[in-house]
Amino acid sequence: MKWLVLLGLVALSECIVIIPITKMKSLQRILMENNLLRSFPEPQSYTLSQKLTLDQNFSSHPPKNLMDASALGECITTATPPQEFQVINDTSSSDLWVASVYCRSPSCSAYQTYDPKMSTTFQCKWRKFNLYCGFAKITGVLASETVQPSLTSQPFMWEHSPVSQIGTADAKNQTFGLTKNKIGGFLENSPYDGVLGLAFPSLARREATPLFDNVKRQGVISEPVFALFMSSWPQKSSLLMLGGVDHAYHKGALKWVPVTQARVWQITMDRISINKMVVACSHGCQAIVDSGSSVLAGPTQVVHNIFKHINPNPKEKNQAKGHATGSFLGSPHTKDHLGQPLSCFLLQQLISCDQAKTLPPINFTINGMHFPVSPKYYIQKVFEDICFVSFQGGTEYMSPSDTWILGDIFLKAYFTVFDRGNYRIGLAPSV
(Lines give C-alpha, C1' and ligand atoms only; values in the text may rest on other atoms or scores of the structure.)
Protein backbone atom coordinates (compact mmCIF):
# COMPACT_ATOMS: atom_id res chain seq x y z
CA MET A 1 0.00 0.00 0.00
CA LYS A 2 1.34 3.46 -0.88
CA TRP A 3 1.25 6.17 1.73
CA LEU A 4 0.85 9.66 0.38
CA VAL A 5 3.38 12.16 1.66
CA LEU A 6 2.18 15.76 1.64
CA LEU A 7 4.46 18.76 1.52
CA GLY A 8 3.35 22.33 1.75
CA LEU A 9 5.30 25.21 0.35
CA VAL A 10 9.00 25.10 1.10
CA ALA A 11 9.93 28.08 3.26
CA LEU A 12 13.22 29.93 3.05
CA SER A 13 14.15 32.19 5.95
CA GLU A 14 17.60 33.69 6.53
CA CYS A 15 19.23 31.03 4.35
CA ILE A 16 17.48 28.21 6.20
CA VAL A 17 15.61 25.86 3.91
CA ILE A 18 12.61 24.45 5.79
CA ILE A 19 10.96 21.41 4.20
CA PRO A 20 7.72 20.10 5.71
CA ILE A 21 7.79 16.29 5.86
CA THR A 22 5.22 13.69 6.76
CA LYS A 23 5.93 10.62 8.85
CA MET A 24 4.76 7.42 7.23
CA LYS A 25 3.93 4.19 9.03
CA SER A 26 6.87 2.00 9.91
CA LEU A 27 7.16 -1.31 8.11
CA GLN A 28 6.80 -3.07 11.45
CA ARG A 29 3.46 -1.34 11.99
CA ILE A 30 2.27 -2.18 8.47
CA LEU A 31 3.22 -5.85 8.91
CA MET A 32 1.51 -5.90 12.28
CA GLU A 33 -1.71 -4.52 10.85
CA ASN A 34 -1.59 -7.08 8.03
CA ASN A 35 -0.73 -10.01 10.32
CA LEU A 36 2.64 -10.54 8.62
CA LEU A 37 5.03 -9.67 11.43
CA ARG A 38 5.66 -13.26 12.47
CA SER A 39 7.27 -13.93 9.09
CA PHE A 40 10.22 -11.70 9.94
CA PRO A 41 12.10 -12.73 13.08
CA GLU A 42 13.57 -9.95 15.19
CA PRO A 43 16.98 -11.16 16.37
CA GLN A 44 18.78 -10.46 13.07
CA SER A 45 17.26 -6.99 12.80
CA TYR A 46 20.50 -5.07 13.08
CA THR A 47 22.80 -7.56 11.36
CA LEU A 48 24.68 -6.96 8.16
CA SER A 49 25.17 -9.89 5.83
CA GLN A 50 28.39 -11.79 6.40
CA LYS A 51 29.03 -11.31 2.68
CA LEU A 52 29.66 -7.61 3.21
CA THR A 53 33.18 -6.71 2.10
CA LEU A 54 35.30 -3.61 1.76
CA ASP A 55 35.02 -3.77 -2.01
CA GLN A 56 34.57 -0.31 -3.52
CA ASN A 57 31.38 -1.48 -5.22
CA PHE A 58 29.79 -1.93 -1.84
CA SER A 59 28.26 0.74 0.33
CA SER A 60 29.11 -0.47 3.83
CA HIS A 61 26.44 1.15 5.93
CA PRO A 62 26.10 0.22 9.60
CA PRO A 63 23.53 -2.41 10.62
CA LYS A 64 20.10 -1.19 9.64
CA ASN A 65 16.67 -2.33 10.77
CA LEU A 66 14.42 -1.30 7.91
CA MET A 67 11.62 -3.18 9.68
CA ASP A 68 11.54 -0.17 11.99
CA ALA A 69 12.11 2.48 9.36
CA SER A 70 9.56 5.26 9.25
CA ALA A 71 9.74 7.50 6.22
CA LEU A 72 10.21 11.18 6.92
CA GLY A 73 9.11 11.94 3.47
CA GLU A 74 10.81 13.63 0.68
CA CYS A 75 9.95 12.92 -2.90
CA ILE A 76 12.01 12.84 -6.07
CA THR A 77 10.27 13.92 -9.29
CA THR A 78 10.92 14.27 -13.00
CA ALA A 79 9.02 17.21 -14.45
CA THR A 80 7.58 15.88 -17.72
CA PRO A 81 5.87 13.75 -16.70
CA PRO A 82 6.55 13.93 -12.96
CA GLN A 83 8.28 10.95 -11.37
CA GLU A 84 7.71 10.99 -7.62
CA PHE A 85 9.49 8.87 -5.01
CA GLN A 86 8.86 8.58 -1.31
CA VAL A 87 12.19 8.29 0.44
CA ILE A 88 13.40 8.04 4.02
CA ASN A 89 15.51 10.81 5.49
CA ASP A 90 18.06 8.54 7.14
CA THR A 91 20.77 9.88 9.45
CA SER A 92 22.53 6.50 9.63
CA SER A 93 23.33 6.17 5.92
CA SER A 94 24.87 8.57 3.40
CA ASP A 95 23.83 7.42 -0.06
CA LEU A 96 20.74 8.27 -2.07
CA TRP A 97 19.00 5.47 -3.96
CA VAL A 98 15.60 4.80 -5.50
CA ALA A 99 13.83 1.98 -7.32
CA SER A 100 14.24 2.04 -11.09
CA VAL A 101 12.84 0.60 -14.31
CA TYR A 102 16.02 -1.47 -14.59
CA CYS A 103 14.43 -3.85 -12.09
CA ARG A 104 12.30 -6.37 -13.98
CA SER A 105 11.21 -8.36 -10.94
CA PRO A 106 7.48 -8.35 -10.08
CA SER A 107 8.47 -7.15 -6.59
CA CYS A 108 9.56 -3.82 -8.06
CA SER A 109 6.08 -3.13 -9.40
CA ALA A 110 5.06 -2.12 -5.88
CA TYR A 111 7.30 0.95 -6.10
CA GLN A 112 7.47 4.12 -8.07
CA THR A 113 10.38 3.44 -10.43
CA TYR A 114 12.72 6.00 -11.92
CA ASP A 115 12.87 5.96 -15.74
CA PRO A 116 16.03 7.63 -17.10
CA LYS A 117 14.54 7.87 -20.59
CA MET A 118 12.11 10.46 -19.22
CA SER A 119 14.91 12.78 -18.11
CA THR A 120 17.13 15.02 -20.25
CA THR A 121 19.62 15.51 -17.38
CA PHE A 122 20.23 11.85 -16.57
CA GLN A 123 23.83 10.63 -16.77
CA CYS A 124 24.70 7.02 -16.05
CA LYS A 125 28.10 6.31 -14.49
CA TRP A 126 27.80 2.53 -15.08
CA ARG A 127 29.35 1.80 -11.71
CA LYS A 128 27.76 -0.98 -9.72
CA PHE A 129 26.60 -0.55 -6.15
CA ASN A 130 25.60 -3.14 -3.57
CA LEU A 131 23.81 -2.48 -0.31
CA TYR A 132 22.67 -4.87 2.40
CA CYS A 133 19.55 -3.86 4.31
CA GLY A 134 18.65 -6.39 6.96
CA PHE A 135 17.77 -9.59 5.10
CA ALA A 136 17.77 -7.97 1.67
CA LYS A 137 20.58 -7.22 -0.75
CA ILE A 138 20.04 -4.29 -3.07
CA THR A 139 22.11 -4.00 -6.23
CA GLY A 140 22.12 -1.45 -9.00
CA VAL A 141 24.06 1.21 -10.88
CA LEU A 142 25.13 4.72 -10.01
CA ALA A 143 23.89 7.68 -12.00
CA SER A 144 23.84 11.47 -11.88
CA GLU A 145 20.69 13.55 -11.96
CA THR A 146 19.18 16.83 -10.83
CA VAL A 147 17.23 16.93 -7.56
CA GLN A 148 14.50 19.22 -6.28
CA PRO A 149 12.05 19.00 -3.38
CA SER A 150 8.62 19.87 -4.66
CA LEU A 151 7.23 23.36 -4.27
CA THR A 152 3.74 21.96 -4.74
CA SER A 153 1.97 19.25 -2.78
CA GLN A 154 4.69 16.70 -3.47
CA PRO A 155 7.55 16.29 -1.01
CA PHE A 156 10.69 15.80 -3.09
CA MET A 157 11.42 15.96 -6.79
CA TRP A 158 13.73 14.98 -9.58
CA GLU A 159 13.47 17.59 -12.28
CA HIS A 160 14.23 17.82 -15.97
CA SER A 161 15.93 21.19 -15.59
CA PRO A 162 19.73 21.54 -15.90
CA VAL A 163 19.93 22.01 -12.13
CA SER A 164 18.26 20.61 -9.05
CA GLN A 165 16.76 22.43 -6.13
CA ILE A 166 16.48 22.13 -2.41
CA GLY A 167 13.76 24.52 -1.38
CA THR A 168 14.25 27.50 -3.68
CA ALA A 169 17.96 27.00 -4.42
CA ASP A 170 19.80 24.87 -6.93
CA ALA A 171 22.11 21.85 -6.70
CA LYS A 172 23.70 20.11 -9.67
CA ASN A 173 24.80 16.59 -10.62
CA GLN A 174 23.65 14.56 -7.65
CA THR A 175 24.97 10.99 -7.62
CA PHE A 176 22.35 8.40 -6.70
CA GLY A 177 21.74 4.68 -7.02
CA LEU A 178 19.20 2.98 -9.28
CA THR A 179 18.14 -0.47 -8.10
CA LYS A 180 18.28 -3.36 -10.55
CA ASN A 181 17.47 -6.45 -8.50
CA LYS A 182 14.39 -7.84 -6.87
CA ILE A 183 13.79 -5.95 -3.64
CA GLY A 184 13.09 -8.93 -1.41
CA GLY A 185 12.47 -9.87 2.19
CA PHE A 186 10.40 -7.47 4.23
CA LEU A 187 11.37 -4.64 1.83
CA GLU A 188 8.66 -5.98 -0.49
CA ASN A 189 6.09 -4.61 1.96
CA SER A 190 7.80 -1.30 2.63
CA PRO A 191 5.97 2.00 2.10
CA TYR A 192 8.88 3.87 0.53
CA ASP A 193 10.75 3.88 -2.76
CA GLY A 194 14.26 4.71 -1.61
CA VAL A 195 16.53 6.27 0.99
CA LEU A 196 18.13 9.70 1.31
CA GLY A 197 21.17 9.41 3.56
CA LEU A 198 22.11 12.27 5.91
CA ALA A 199 25.13 10.73 7.64
CA PHE A 200 28.76 11.72 7.10
CA PRO A 201 30.43 11.47 3.67
CA SER A 202 32.92 8.89 5.01
CA LEU A 203 30.02 6.43 4.99
CA ALA A 204 29.11 7.06 1.36
CA ARG A 205 30.53 5.36 -1.68
CA ARG A 206 33.94 6.72 -2.60
CA GLU A 207 32.74 8.39 -5.80
CA ALA A 208 29.41 9.64 -4.39
CA THR A 209 28.92 12.96 -2.61
CA PRO A 210 25.97 12.90 -0.19
CA LEU A 211 23.18 15.27 -1.11
CA PHE A 212 23.68 17.45 1.98
CA ASP A 213 27.37 17.93 1.16
CA ASN A 214 26.50 18.65 -2.46
CA VAL A 215 24.09 21.48 -1.63
CA LYS A 216 26.55 22.95 0.88
CA ARG A 217 29.43 22.85 -1.62
CA GLN A 218 27.31 24.56 -4.27
CA GLY A 219 26.25 27.34 -1.91
CA VAL A 220 22.62 26.28 -1.62
CA ILE A 221 22.97 26.54 2.16
CA SER A 222 25.41 28.67 4.09
CA GLU A 223 25.93 26.63 7.27
CA PRO A 224 26.84 22.89 7.54
CA VAL A 225 23.87 22.22 9.81
CA PHE A 226 20.51 20.47 9.49
CA ALA A 227 17.77 19.90 12.03
CA LEU A 228 14.75 17.64 12.51
CA PHE A 229 11.49 18.55 14.18
CA MET A 230 9.27 15.50 14.43
CA SER A 231 5.78 16.52 15.35
CA SER A 232 3.68 14.49 17.78
CA TRP A 233 0.54 16.40 16.80
CA PRO A 234 -1.57 15.79 13.68
CA GLN A 235 -2.07 19.53 13.18
CA LYS A 236 1.66 20.26 13.09
CA SER A 237 3.95 19.29 10.24
CA SER A 238 7.27 17.61 10.88
CA LEU A 239 10.15 19.60 9.42
CA LEU A 240 13.59 19.08 7.95
CA MET A 241 15.70 22.25 8.17
CA LEU A 242 18.79 22.61 5.99
CA GLY A 243 21.49 25.20 6.61
CA GLY A 244 20.30 26.48 9.97
CA VAL A 245 17.86 26.18 12.86
CA ASP A 246 14.43 27.69 13.51
CA HIS A 247 14.42 27.93 17.31
CA ALA A 248 10.64 28.30 17.45
CA TYR A 249 10.37 24.51 17.39
CA HIS A 250 12.07 23.73 20.68
CA LYS A 251 11.83 24.76 24.34
CA GLY A 252 14.83 26.02 26.26
CA ALA A 253 18.45 26.05 25.18
CA LEU A 254 19.98 23.37 23.01
CA LYS A 255 22.20 20.94 24.91
CA TRP A 256 25.22 19.88 22.88
CA VAL A 257 26.65 16.38 22.70
CA PRO A 258 29.90 15.56 20.83
CA VAL A 259 29.86 13.00 18.04
CA THR A 260 32.19 10.07 18.78
CA GLN A 261 32.37 8.66 15.25
CA ALA A 262 32.17 10.81 12.13
CA ARG A 263 30.39 8.18 10.05
CA VAL A 264 26.94 7.85 11.56
CA TRP A 265 25.63 10.30 14.16
CA GLN A 266 27.05 8.32 17.06
CA ILE A 267 27.35 9.65 20.61
CA THR A 268 28.29 8.37 24.06
CA MET A 269 25.43 7.64 26.45
CA ASP A 270 26.06 7.44 30.21
CA ARG A 271 23.15 5.22 31.28
CA ILE A 272 19.43 4.46 30.95
CA SER A 273 17.28 4.51 34.08
CA ILE A 274 13.68 4.05 35.20
CA ASN A 275 12.54 5.59 38.50
CA LYS A 276 16.21 6.39 39.28
CA MET A 277 17.17 2.72 38.85
CA VAL A 278 19.77 2.03 36.17
CA VAL A 279 18.34 -0.57 33.79
CA ALA A 280 20.80 -0.41 30.88
CA CYS A 281 24.11 1.08 29.75
CA SER A 282 25.34 1.03 33.36
CA HIS A 283 28.99 1.54 32.42
CA GLY A 284 28.35 3.85 29.49
CA CYS A 285 27.68 2.82 25.91
CA GLN A 286 27.42 4.13 22.36
CA ALA A 287 24.16 5.34 20.81
CA ILE A 288 23.27 6.19 17.21
CA VAL A 289 20.74 8.96 16.60
CA ASP A 290 18.82 7.44 13.71
CA SER A 291 15.95 9.18 11.91
CA GLY A 292 15.45 6.06 9.77
CA SER A 293 14.32 3.92 12.70
CA SER A 294 10.96 4.19 14.44
CA VAL A 295 11.97 2.61 17.75
CA LEU A 296 14.40 2.60 20.65
CA ALA A 297 16.65 -0.42 20.19
CA GLY A 298 19.30 -2.13 22.28
CA PRO A 299 20.74 -5.55 23.12
CA THR A 300 17.95 -8.13 23.21
CA GLN A 301 18.51 -9.41 26.74
CA VAL A 302 18.73 -5.87 28.11
CA VAL A 303 15.50 -4.95 26.36
CA HIS A 304 13.87 -8.06 27.88
CA ASN A 305 14.88 -6.74 31.30
CA ILE A 306 13.46 -3.29 30.56
CA PHE A 307 10.17 -4.92 29.61
CA LYS A 308 10.08 -6.52 33.05
CA HIS A 309 10.26 -3.07 34.60
CA ILE A 310 7.64 -1.39 32.45
CA ASN A 311 5.44 -4.35 31.50
CA PRO A 312 5.71 -7.08 34.18
CA ASN A 313 2.32 -8.55 33.20
CA PRO A 314 2.17 -8.59 29.40
CA LYS A 315 -1.02 -9.44 27.58
CA GLU A 316 -1.58 -13.20 27.60
CA LYS A 317 -1.58 -14.89 24.24
CA ASN A 318 -5.18 -16.02 24.65
CA GLN A 319 -6.14 -12.38 25.30
CA ALA A 320 -4.31 -11.28 22.22
CA LYS A 321 -6.08 -13.88 20.10
CA GLY A 322 -9.25 -11.85 20.55
CA HIS A 323 -7.59 -9.24 18.36
CA ALA A 324 -5.67 -9.32 15.13
CA THR A 325 -2.51 -9.42 17.25
CA GLY A 326 -2.89 -13.11 17.94
CA SER A 327 -2.10 -14.03 14.36
CA PHE A 328 1.32 -12.40 14.26
CA LEU A 329 2.62 -13.75 17.57
CA GLY A 330 4.05 -16.73 15.77
CA SER A 331 4.49 -20.36 16.61
CA PRO A 332 5.92 -21.34 20.02
CA HIS A 333 8.41 -23.43 18.03
CA THR A 334 9.98 -20.30 16.53
CA LYS A 335 12.97 -19.48 18.72
CA ASP A 336 15.13 -16.43 19.00
CA HIS A 337 18.91 -16.62 19.48
CA LEU A 338 18.43 -16.73 23.27
CA GLY A 339 16.38 -19.92 22.95
CA GLN A 340 13.10 -18.20 23.82
CA PRO A 341 9.98 -18.38 21.66
CA LEU A 342 9.84 -15.39 19.36
CA SER A 343 6.24 -14.82 20.41
CA CYS A 344 7.45 -14.16 23.98
CA PHE A 345 9.32 -11.09 22.80
CA LEU A 346 6.27 -9.80 20.94
CA LEU A 347 4.01 -10.50 23.90
CA GLN A 348 6.26 -8.43 26.14
CA GLN A 349 5.70 -5.49 23.81
CA LEU A 350 1.92 -5.65 24.19
CA ILE A 351 0.31 -3.80 27.07
CA SER A 352 -3.14 -2.61 28.08
CA CYS A 353 -3.55 0.99 26.97
CA ASP A 354 -5.04 1.80 30.40
CA GLN A 355 -1.95 0.38 32.07
CA ALA A 356 0.30 2.27 29.66
CA LYS A 357 -1.00 5.58 30.99
CA THR A 358 0.63 4.88 34.35
CA LEU A 359 4.09 3.96 33.06
CA PRO A 360 7.10 6.03 34.16
CA PRO A 361 9.38 8.01 31.83
CA ILE A 362 12.61 6.36 30.69
CA ASN A 363 15.60 8.58 31.37
CA PHE A 364 18.53 8.68 28.96
CA THR A 365 21.58 10.34 30.52
CA ILE A 366 23.86 11.70 27.80
CA ASN A 367 26.99 13.77 28.36
CA GLY A 368 25.93 14.24 32.00
CA MET A 369 22.50 15.63 30.99
CA HIS A 370 19.11 13.97 31.45
CA PHE A 371 16.73 13.37 28.55
CA PRO A 372 13.54 11.70 29.85
CA VAL A 373 11.20 10.06 27.33
CA SER A 374 7.64 9.70 28.56
CA PRO A 375 5.20 6.89 27.60
CA LYS A 376 3.51 9.46 25.37
CA TYR A 377 6.38 8.75 22.99
CA TYR A 378 7.44 5.13 23.60
CA ILE A 379 3.92 3.66 23.68
CA GLN A 380 1.91 3.27 20.47
CA LYS A 381 -1.73 2.33 20.25
CA VAL A 382 -2.22 -0.56 17.84
CA PHE A 383 -5.80 -1.59 18.62
CA GLU A 384 -8.64 -0.15 20.65
CA ASP A 385 -7.38 -1.40 24.02
CA ILE A 386 -3.94 -2.80 23.16
CA CYS A 387 -0.79 -0.70 23.04
CA PHE A 388 2.72 -1.50 21.89
CA VAL A 389 6.00 -0.77 23.70
CA SER A 390 8.34 0.66 21.06
CA PHE A 391 11.55 -1.05 22.13
CA GLN A 392 13.42 -3.60 20.04
CA GLY A 393 16.35 -5.92 20.59
CA GLY A 394 19.04 -7.03 18.17
CA THR A 395 21.88 -4.53 18.55
CA GLU A 396 24.15 -7.09 20.23
CA TYR A 397 25.27 -7.93 16.69
CA MET A 398 26.68 -4.44 16.28
CA SER A 399 30.11 -3.26 17.40
CA PRO A 400 30.26 -2.48 20.24
CA SER A 401 27.62 -5.01 21.26
CA ASP A 402 25.89 -2.73 23.78
CA THR A 403 25.11 -0.02 21.20
CA TRP A 404 21.68 1.63 21.32
CA ILE A 405 19.58 3.11 18.53
CA LEU A 406 17.74 6.33 19.37
CA GLY A 407 15.12 6.46 16.65
CA ASP A 408 11.85 8.17 15.87
CA ILE A 409 10.63 7.84 19.48
CA PHE A 410 13.53 9.86 20.86
CA LEU A 411 13.45 12.37 17.99
CA LYS A 412 9.80 13.16 18.63
CA ALA A 413 10.60 14.04 22.22
CA TYR A 414 13.66 16.13 21.34
CA PHE A 415 14.22 18.65 18.58
CA THR A 416 17.57 17.61 17.13
CA VAL A 417 20.27 19.67 15.45
CA PHE A 418 22.97 17.85 13.46
CA ASP A 419 26.00 20.16 13.39
CA ARG A 420 28.42 18.83 10.79
CA GLY A 421 30.79 21.77 11.17
CA ASN A 422 31.45 21.10 14.87
CA TYR A 423 30.81 17.33 14.99
CA ARG A 424 28.06 17.58 17.57
CA ILE A 425 24.35 17.06 18.11
CA GLY A 426 22.08 19.60 19.82
CA LEU A 427 19.02 18.43 21.75
CA ALA A 428 16.12 20.36 23.29
CA PRO A 429 12.51 19.40 24.13
CA SER A 430 10.23 19.76 21.13
CA VAL A 431 7.34 22.19 21.32
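The legends below describe close-up views of a predicted model.

**Figure 1. Strand 29 and its burial.** Strand 29 spans residues 414-419, and 6 of its 6 residues are buried, so this strand is largely enclosed by the rest of the structure. Tyr414, Thr416 and Phe418 point one way from strand 29, while Phe415, Val417 and Asp419 point the other way. The residues of both sets are buried. For Tyr414, the relative accessibility is 6%, so this residue counts as buried.

**Figure 2. The pairing partners of strand 29.** Strand 14 (residues 225-229) is joined to strand 29 by 4 bridges, and the two run antiparallel. Within this pairing, phenylalanine 226 stands opposite phenylalanine 418 of strand 29. Strand 29 is also joined to strand 30 (residues 424-429), by 6 bridges and again in the antiparallel sense. Here tyrosine 414 has proline 429 of strand 30 opposite. Strands 29 and 30 form a hairpin with 4 residues between the strands, and tyrosine 423 in this hairpin adopts a positive phi near 50°.

**Figure 3. The surroundings of histidine 250.** Histidine 250 is located in the loop between strand 15 (238-242) and strand 16 (255-258). With a relative accessibility of 9%, histidine 250 falls under the 20% limit and counts as buried. Its side chain makes a polar contact of 2.8 Å with the side chain of histidine 247. A polar atom of the histidine 250 side chain also lies 2.9 Å from the backbone oxygen of glycine 252. Leaving aside residues up to four places away in sequence, histidine 250 touches Phe415, Ala428, Pro429, Ser430 and Val431. Of these contacts, Phe415 is a residue of strand 29, and Pro429 stands opposite tyrosine 414 of that strand.

**Figure 4. The disulfide of cysteine 281 and cysteine 285.** The structure holds 2 disulfides, and this view presents the one that joins cysteine 281 to cysteine 285, with an S to S distance of 2.1 Å. The link is left-handed, with -110° about the S-S bond. Cysteine 281 has a relative accessibility of 11% and counts as buried. Cysteine 285 is likewise buried, at a relative accessible area of 5%.

**Figure 5. The disulfide of cysteine 353 and cysteine 387.** The sulfur atoms of cysteine 353 and cysteine 387 lie 2.2 Å apart and form a disulfide. This link is right-handed, with 105° about the S-S bond. Cysteine 353 belongs to helix 6 (residues 353-356) and cysteine 387 to strand 26 (residues 386-389), so the pair ties together parts that are 34 residues apart in sequence. Both cysteine 353 and cysteine 387 are buried.

**Figure 6. The open sheet that includes strand 26.** This open sheet has 3 strands in the order 22-26-25, with antiparallel pairing. Its edge strands are strand 22 (350-352) and strand 25 (379-381), each of which pairs on one side only. On average, neighbouring strands of the sheet are turned by 40° against each other, direction ignored. Strand 22 pairs with strand 26 over 3 bridges in the antiparallel sense. Leucine 350 has phenylalanine 388 of strand 26 as its bridge partner.

**Figure 7. Aromatic ring pairs.** The whole structure contains 15 aromatic pairs. Phenylalanine 200 and tryptophan 265 form a tilted pair, at 4.5 Å centre to centre and 40° between the planes. Phenylalanine 200 lies in the loop between strand 13 (194-197) and helix 2 (211-217), and tryptophan 265 in strand 18 (residues 265-274), so the pair ties together parts that are 65 residues apart in sequence. Phenylalanine 200 is buried, with a relative accessible area of 3%, and tryptophan 265 is buried at 0%. A further tilted pair consists of phenylalanine 410 and tyrosine 414, at 5.2 Å centre to centre and 35° between the planes. Phenylalanine 410 counts as buried, at 0% relative accessibility.

**Figure 8. A cluster of linked rings.** Ring pairs link Phe200, Phe212, Phe226, Trp265, Phe418 and Tyr423 into a cluster. Among these residues, Phe226 and Phe418 stand opposite each other in the pairing with strand 29. Tyr423, also in the cluster, is the residue with a positive phi near 50° in the hairpin of strand 29 and strand 30.

Technical notes. Residues numbered from 1 in each chain as written. Predicted model: local features only at pLDDT ≥ 70, side-chain atom pairs only at ≥ 80, totals over all residues. Heavy atoms only, no water. Buried < 20%, exposed > 50% of the residue type's maximum accessible area, 1.4 Å probe, protein only. Pairing = 2+ DSSP bridges. Disulfide = S-S within 2.5 Å. Axes fitted to C-alpha atoms, helices over the stretch in contact; angles between N-to-C directions. Polar contact = N/O pair within 3.5 Å; in protein donor to acceptor, adjacent residues only side chain to side chain. Contact = heavy atoms within 4.5 Å. Phe/Tyr/Trp six-rings, centres within 6.5 Å; stacked < 30°, edge-to-face > 60°.
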